[in-house]
Each structure stands twice: as C-alpha cells, then as structure tokens.
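Visitor: Could you take me through one part of this protein up close? Pick a single residue, and then show me how it sits in the rest of the chain.

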Amino acid sequence: MKLTLNERYKRFMAVLAVGLSRPGFLAHFRHPGCWKMLTVAMCMALLGCLQAQELRGHVSVILLGATGDLARKYLWQGLFQLYLDEAGKDYSFSFHGAALTSTKQGQAFVAKVLESLSCPEDVAPDRCAELKGQFQRLSAYRHLATSEDYVALSKDIEAQVQHGGLREAGRIFYFSVPPFAYADIARNINSSCRPGPGAWLRVVLEKPFGHDHLSAQQLATELGGFFREEEMYRVDHYLGKQAVAQILPFRDQNRKALDGLWSRHHVERVEIIMKETVDAEGRTSFYEEYGVIRDVLQNHLTEVLTLVAMELPHNISSSESVLQHKLRAFRALRGLQKGSAVLGQYQAYSEQVRREQQRPDSFRSLTPTFAGVLVHMDNLRWEGVPFILMSGKALDERVGYVRILFRNQAYCVLSDERWVADQSQCLPRQIVFYIGHGELGSPAVLVSRNLFRPSLPSESWKELGARPGLRLFGRPLSDFYAYRPVREQDAYSVLISRIFHGRKDSFVTTEHLLASWGFWTPLLDSLAHEVPRLYPGGAENGHLLDFEFGGAQLCFSQQQPEQLVPGPGPAPMPSGFQVLKAKYRESPLISAWPEELIAKLADDIEATAVRAVRRFGTFHLALSGGSSPVPLFQQLATRHYGFPWAHTHLWLVDERCVPLWDPESNFQHLQTHLLQHIRVPYYNIHPMPVHLHQRLCAEEDQGAQTYASEISALVANSSFDLVLLGMGADGHTASLFPQSPSGLDGEQLVVLTESPSRPFQRMSLSLPLINRARKVAVLVMGRVKREITMLVSRVGHEPKKWPISGVLPSSGQLVWYMDYEAFLG
Ligand code: BG6
C-alpha cells in the first residue's frame with residue numbers, strides 16, 4: 001500500500017489519537033520503556049514523513065549484550081554508522097539495546113554510550129548533532145531475559161511498524177553475548193521473535209564458535225535447529241578490516257597485472273601476521289581455554305589466507321561464488337603436523353592465570369600466547385609456497401599485515417646506489433595489505449613500484465602522502481605505490497553495513513567454519529602437551545621467537561637457552577659412540593644413533609644405486625611403508641643430490657588396502673616425504689594396484705598378479721637391486737604377519753594378506769620374492785623394537801612365527817640397520 005507523506009503523517013497521528021483515547025492505553029505506558037517506545041514510534045513516523053522518497057521497509061536491530069564491552073567499544077558506533085549511511089535512503093530503523101542489566105542501569109549505560117558516538121570527519125558538526133539526535137531517539141534499552149520478554153519485544157516491533165504505517169523489512173539480532181547464552185536466546189528468537197512473512201531475519205554471532213572440530217560441529221548443529229544457514233552471520237571481525245576487505249576487490253581490479261604473478265611460479269612466500277603488544281591479563285579465564293591458535297590463527301589469519309589463496313571468481317560481487325571458491329581454498333590446505341608450528345608463552349602468563357583463577361603456586365600453563373605456523377596448499381597455484389601465519393601477545397609492536405613477497409629472478413648490472421624504484425627489478429617486489437597499526441598507523445595497500453601501478457577505487461582509497469624517513473619491510477615508503485582509505489572505518493562498522501546488505505561472503509558459513517576447524521584440530525591435538533618457549537615480552541624478546549623452516553618443518557632459529565642439570569658421573573655423549581659394526585643373525589649389523597644410522601643407510605643406498613646404474617643402466621628399489629623409513633626418505637630427498645633418480649625404478653614392498661591418496665597409504669607417505677621432492681620419471685614409479693575397479697584388494701581384480709607380472713616384465717630375474725624392510729614388534733616384515741597363510745613360501749611373488757591391525761587388508765611382496773633380491777636392508781628403530789630385536793637374535797628360521805626370520809636372500813646380501821635404542825635398549 002503506497003501512502004503519500006501527508007497521508008502517512010495523518011495516519012500516524014490518527015493511530016496515536018485512537019490509541020491515547022483507548023481505556024488502559026496510558027496504563028500501558030506506566031512501564032518505563034513505554035514512553036521511550038512511544039517516542040521511537042513517533043520519530044519513526046515523523047522521519048518517514050520527512051523522507052523524500054518511498055520507504056522500502058522498516059528494519060529493527062536488536063543488540064543483545066548492549067551493555068557489554070564490545071557493544072560499548074564498537075557495536076553502538078557501528079549501528080550509528082549504519083544509520084548515517086542508510087538513513088534517508090530506502091529504510092527506516094529502530095535500535096533496541098537489550099541485556100540482562102536492569103532497566104534503569106541499562107538505560108543509563110546506553111544513554112552514555114549514545115552520547116559518546118561520533119561522526120566521520122567529513123560530516124559537519126551541526127549535521128552530526130542532528131543525526132546523532134535522531135539516532136538517540138530511535139534507540140532504546142530494554143531488559144530482555146524471559147521468553148515473555150521476547151514475546152513482548154516482538155509485539156512492540158509489530159506495533160511500531162503498524163503505527164508508522166510501514167512495512168517490516170527485517171530484523172537483525174546481534175548476539176554480543178557469551179556462547180553459553182546462545183542456545184536460550186536462539187530458542188526465544190526462533191519461537192517468538194521471527195518477523196512475519198516477507199521480512200528477513202538475520203542473526204549475528206560472535207566467536208568463539210567452538211573449541212575444536214567436534215564442539216564447533218555441536219554448536220553448529222544446535223544453532224541449525226533454530227536458524228537457517230542464510231539467516232546466520234558469523235562474524236570474523238578481520239573480514240571487516242578495510243585492508244582485508246580490499247584483498248578480493250584488489251585482485252579483481254588488477255586481474256591483468258596479477259594473472260601472471262599470483263602463483264607458485266612467482267611468489268616466494270606469503271606472510272600473514274598479527275602482532276600484539278598487549279597480553280592476556282584480565283582475560284585469562286577465556287585465554288587459558290583457547291590460546292593463540294584458537295583465538296587468532298584458526299579464524300582471523302585463516303580467513304585472510306583463504307582470501308589470498310582462493311581462485312578468483314569471475315564475479316566477485318556474487319556472495320555465493322566467493323563463498324564457493326573460498327571453501328575450495330579451505331579444502332586445499334595441506335594437513336599440518338606437529339613440526340609445522342612453533343609455540344611460545346610470555347613469562348608472566350602463568351602467574352596471571354594463577355592470580356586470576358586462584359590456581360596453586362605449582363600451576364604452570366601450557367597455553368601458547370605466541371605461535372608461528374607454516375601452511376602449504378595442495379593445489380597447482382600454490383604448491384610449494386610457504387604461507388607463514390604468526391601471532392602473539394606481549395610482542396615488541398602492534399601490527400597486522402599480509403605480505404606477498406615475489407621471487408626475484410633478476411640480476412642488475414647497474415650498481416645498487418643507482419637503482420630506481422620503479423625500474424630496478426633487483427629491489428624486493430612485494431604487495432602488502434597493511435591491516436593496521438605499526439609504523440604506518442593506518443590501513444594501507446602497498447605495491448612495489450617495480451611490480452605495477454595498481455588500480456584501486458578512487459572514491460574509497462587515496463594515495464598516501466610522502467613520509468620521509470619511514471621504512472617498511474626494509475624499504476623506504478617511496479619504493480611503493482601506497483594507498484590508504486579515504487575514510488578509515490572500524491571493522492565492525494564495515495561488517496554491520498554488510499549484514500544490512502546481506503553480503504554473506506563477509507561472514508563465516510557453517511561449512512567454512514567446520515573446514516577451518518577440520519584443518520586446525522589435528523595440530524591442536526598434537527600440540528596439546530607441547531611446552532611453549534618462554535619469552536620475556538616486548539622488545540626484550542630479541543630474536544628468541546625468530547623461526548625458520550625447511551620443507552614442512554618449522555623451528556626456532558635460536559637454540560632454547562637450556563639449563564642442564566648434570567647427573568652423577570659422566571653422561572654418555574653421542575660422539576662417544578662409534579658407528580658400530582657387528583653381526584646380527586649372522587649378517588652384518590650397523591648400529592648408530594638414529595641420525596647417523598639414517599645417514600649411513602642413505603649413503604649405502606646411493607652407493608648401491610650408482611653401482612647398479614653403472615652396471616645395468618637401471619636401479620630397482622623396493623621400499624617399505626611405516627614410520628621408520630620417513631627420516632630416510634627425507635634424508636634422500638634433501639641430502640642426496642647425486643642419486644641417479646632418473647634411472648631408478650621405485651617399487652612398494654607392501655601396501656595398505658586403501659586408496660593411494662589416503663593418508664594411511666604407504667604410497668602417500670612415499671609421495672609426501674620423497675617423490676614430490678625428487679625427479680623420478682613417472683613411468684618408473686610403481687605403486688601397488690590395491691584400488692582397481694573402484695574396489696580395494698578384491699581377489700577377482702587380480703591386483704597381486706598384475707604387480708607380479710609388472711615386476712617380472714621390468715626387473716631382470718625378478719631380482720630387486722635393493723629391498724628395504726622393517727621389522728614389527730610382533731616379528732612381521734613387509735605385510736607378512738605371523739601365521740600368514742600366504743607369502744611365506746610358495747611360488748607367488750605378490751600376495752594379499754591380513755594384518756592384525758587396521759587397515760586389515762594388505763598387499764605384500766612375498767618372502768620368496770624378497771629373497772631373490774641382490775641386497776636386503778632391514779631398518780629397525782626405537783626402544784619399542786628392543787624386545788623383538790632380542791628375541792629374533794636367538795630364533796632360527798621360523799617364518800611362520802616370526803616372518804622376519806625368513807628373510808635370507810638366496811644369493812644376495814642382508815644388512816641390518818639398527819639404532820642404539822633398538823639394539824642396546
Ligand atoms: C580478537 C582476539 O579476536 O582479536 C583478541 O580474541 C585480539 O585476543 C583481537 O586481541 C585483535 O583484534 P584487533 O582488531 O585489535 O587487531
């Protein structure tokens with residue numbers, strides 16, 4: 001129904017008159033909030049009258065937790081900004097501050113906050129005062145606790161809308177409350193505060209969204225019982241930081257220049273950093289539960305990472321495609337291992353926890369307040385590019401940035417003092433989304449002048465003026481094309497506007513949330529008992545927290561200054577042991593500390609390979625799975641540049657009946673720790689065919705026979721040049737377990753077997769095939785192998801009981817490689 005301005009005004013006054021004349025109506029207004037309500041309704045109607053164009057509807061914003069810290073610091077200001085941006089356009093508004101605080105106290109609190117609101121610099125003071133007055137009149141506090149309160153709230157909103165002759169467009173419920181309060185509030189909103197048909201509901205949720213994958217899933221399921229996915233807006237306030245919100249638009253507007261640069265071929269590394277000087281004092285009850293990884297990396301830094309790494313949709317204004325592409329980036333994150341992170345804790349932290357939570361003097365917290373994590377993406381664009389995520393409290397400065405550092409492949413003939421910023425390709429080339437604080441003191445986008453002149457929307461970003469003497473990332477500011485926002489905006493204001501405009505891509509969907517927790521939870525579990533490095537805090541940290549990476553591992557650059565407590569008598573030192581050469585089961589035994597042992601084995605394998613290639617032109621190497629060979633694979637990948645990989649054929653000794661891409665697959669281990677780092681021709685790699693016709697190790701698929709035929713066809717006499725075996729604590733080797741009905745003797749070269757542990761089904765080379773090898777090396781590591789090592793040293797040839805005892809190459813050589821723990825205990 002379209003009403004003219006005049007009609008609307010008349011109607012409102014008529015409603016008011018009728019209402020006022022009704023018996024009991026005024027009694028209604030004895031409630032302290034009601035006069036305020038009436039004023040709000042009048043203002044809405046009057047405002048409606050003043051607006052020059054037709055309103056599309058009325059929006060009610062309900063701020064839950066309106067007297068809390070977040071509300072005081074950011075949310076009220078964000079709502080005011082929304083009003084400044086949208087008032088006089090298509091919608092009318094009312095703002096309901098709600099909390100458990102008593103009405104009187106709540107009203108006083110809200111009144112004070114409203115008084116402190118400010119306008120952006122470009123709004124004239126008179127105009128600001130006028131708008132602020134309007135906003136104050138449209139805002140009211142109400143005590144909201146019981147389900148009746150919610151029913152009443154809904155009725156009041158309906159009455160307001162009706163009285164104003166307006167149409168309800170939607171309701172925004174902003175949950176600025178602790179997570180334990182979510183369920184009750186959600187239930188109440190769902191049962192009694194949903195707007196009528198045709199109007200939308202948006203609920204805004206603040207982190208934490210769970211503590212790990214399971215709890216996040218539970219919380220998501222619970223909320224999913226009350227709200228539809230499109231109704232939920234999970235806030236990650238970093239997505240509202242101007243520099244972060246600019247990442248996708250920047251990539252979009254500079255597609256042409258970035259197309260050739262934004263990939264592993266050009267990017268050397270990406271740094272995503274949030275350093276803080278504050279510590280966790282006053283918040284330890286929260287912090288102790290979460291720590292820096294859950295507090296910052298799992299959400300803020302991961303969100304930023306996906307914006308940098310995701311494939312760019314054709315149309316970035318489509319929330320749906322942005323979200324889909326982002327989800328794919330989440331899914332491409334390579335799983336983290338314990339070694340992917342370094343942890344620290346500022347020294348005063350444990351004491352703060354003891355004080356704030358009345359813990360005993362002996363209490364020492366393991367919660368990290370600092371973390372550096374090395375992340376890799378498994379996709380063609382980013383494969384091999386290190387993404388460094390780092391955050392910490394009590395550091396030397398407060399700053400946040402995303403820095404994309406490009407490889408430098410130039411050599412400059414001109415001497416360096418003559419290099420010109422936009423011409424020399426030898427200067428560092430980088431793009432930085434400067435989130436804020438630090439030397440610059442404001443958000444910014446920086447692009448090295450020797451890259452390209454970027455395009456940014458001139459209405460919202462302007463070039464930064466000269467700042468002589470200021471250096472960023474080791475370069476003067478003048479080396480960069482540098483832009484800052486025309487108008488600096490707080491993240492919450494940006495996000496509140498996006499909620500209003502229904503921009504779901506600036507929020508965390510359930511799928512994204514779970515994908516992120518799925519990525520972080522295994523690392524968090526593996527680090528649960530890790531002792532963080534203590535740091536003094538501030539500038540005194542010196543270089544203590546610097547870290548470096550090699551492959552997928554990260555470690556502190558400086559050794560931990562350890563205090564060693566000397567024991568009685570001289571302690572054995574690694575150098576006191578020689579590589580021990582002896583006999584074990586009548587064959588040569590090499591024993592050493594693990595590192596030396598692995599180095600020796602790797603050297604021996606390389607020497608064997610070089611000899612084989614010289615004599616026969618190829619080297620056939622069969623490798624076992626399990627964890628013992630992992631350091632060997634790493635050693636071969638990183639230290640053996642003379643290895644004749646181009647002439648090496650790689651075979652599997654055994655395999656688990658899982659798809660080859662499964663992390664449990666032996667082939668996957670080999671791929672992760674060796675194959676991806678070396679250059680073996682693809683056709684020389686021979687994974688076991690455990691996954692044929694979409695089935696795993698089905699007899700009828702004849703996978704074992706196929707592998708045997710491949711071996712017979714390619715390996716002269718089916719005699720491998722080297723077979724690397726391990727020994728299980730039960731005496732198994734390859735996937736030949738005690739009492740195995742097949743593979744211990746007979747004609748078959750490759751067999752299907754059963755393991756006593758998961759995954760039960762296996763494929764394995766048989767003992768007769770293993771024993772045809774020219775050389776067999778058995779690698780045994782760790783104290784857990786001590787008992788079986790002792791036992792097997794005494795038993796004869798009894799492969800049924802201890803398959804390892806059946807390893808006896810008919811004409812080849814057998815060598816045992818045992819570390820001291822396995823051999824000496
Ligand atoms: C919050 C964390 O999400 O982000 C805090 O819980 C952290 O621990 C804060 O201090 C940092 O945000 P900002 O906007 O100050 O960089």
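Guide: Sure. Of the 825 residues in the protein chain, buried ones make up 55%, and L725 is a good one to zoom in on. Keep in mind that this is a predicted model.

You'll find L725 in strand 29, which runs over residues 722-726. Is L725 buried or exposed? Its relative accessibility is 2%, and buried means under 20%, so L725 counts as buried.

What surrounds it? If you ignore the neighbours within four places in sequence, the contacts of L725 include S624 and V653 on the lower-numbered side. T733 and A734 also touch L725, and then come I770, the run V776, A777, V778 and L779, and finally V807. There is also a C-alpha pairing to look at: L623 is 102 residues away from L725 along the chain, yet their C-alpha atoms are separated by 7.0 Å.

That long-range habit shows up across the chain too. Among contacts with a separation of 6 or more, 77% are between residues 24 or more positions apart.

Now zoom out a step. UniProt, in an unreviewed entry, places the feature "domain: Glucosamine/galactosamine-6-phosphate isomerase" at residues 594-816. In the model, that span is 30% helix and 20% strand, and its end C-alpha atoms are 14 Å apart. Along the way there's a backbone oddity to check: the peptide bond from R758 to P759 is cis, with omega near -20°. P759 belongs to the loop between strand 30 (750-754) and strand 31 (761-765).

Why flag that one? Because most peptide bonds are trans, and most residues other than glycine have a negative phi. With that in mind, here are some other spots for your list. A second cis bond joins K207 to P208, with omega near 5°, and P208 is in the loop between strand 5 (200-205) and helix 9 (213-224). On the phi side, R585 is not a glycine but has a positive phi of about 45°; look for R585 in the loop between strand 21 (580-584) and strand 22 (587-592). A394 is another non-glycine with positive phi, near 55°, in the loop that links strand 10 (387-392) to strand 11 (399-406). Although A394 is in a loop, its relative accessibility is 8%, so A394 counts as buried.

The unreviewed UniProt entry also has "domain: Glucose-6-phosphate dehydrogenase C-terminal" covering residues 250-541. For that stretch the model gives 29% helix and 22% strand, with the end C-alpha atoms 35 Å apart.

For a look at helix packing, go to helix 4 (residues 69-86) and helix 6 (residues 125-138), which pack at about 115° with their axes 10 Å apart. The crossing is right-handed. Helix 4 brings W76, L79, F80, Y83 and L84 to meet L131, K132, Q134, F135 and L138 of helix 6. By type, the residues of this contact divide into 8 nonpolar, 1 polar and 1 charged.

And the whole thing? The protein chain has 24 helices and 33 strands, and its C-alpha trace spans about 110 × 70 × 60 Å along the principal axes. Its accessible surface comes to about 37,800 Å², with 53% of that belonging to carbon and sulfur atoms.

Note on methods
Residues are numbered from 1 along each chain as its sequence is written. This is a predicted model: local features need pLDDT of at least 70, side-chain atom pairs count only at pLDDT 80 or more; totals for chains, interfaces and linings use all residues. Side-chain values use heavy atoms; hydrogens and water are left out. Axes are lines fitted to C-alpha atoms, for helices over the stretch in contact, and angles run from 0 to 180 degrees between N-to-C directions. Helices (H or I, at least four residues) and strands (E, at least two) are DSSP runs, numbered from the N terminus. A crossing is left-handed if the near helix is turned anticlockwise from the far one by less than a right angle, and right-handed if clockwise. Contact means heavy atoms within 4.5 Å. Ala, Val, Leu, Ile, Met, Phe, Trp, Tyr, Cys and Pro count as nonpolar, Asp, Glu, Lys and Arg as charged, and the others, Gly among them, as polar. Buried means under 20% relative accessible area, exposed over 50%, partly exposed in between (1.4 Å probe, protein chains only). Accessible areas come from the Shrake-Rupley method with a 1.4 Å probe; for residues, only the protein chains shown count as cover. UniProt positions are given in the numbering used here, feature names are shortened, and annotations may be inferred rather than shown by experiment.
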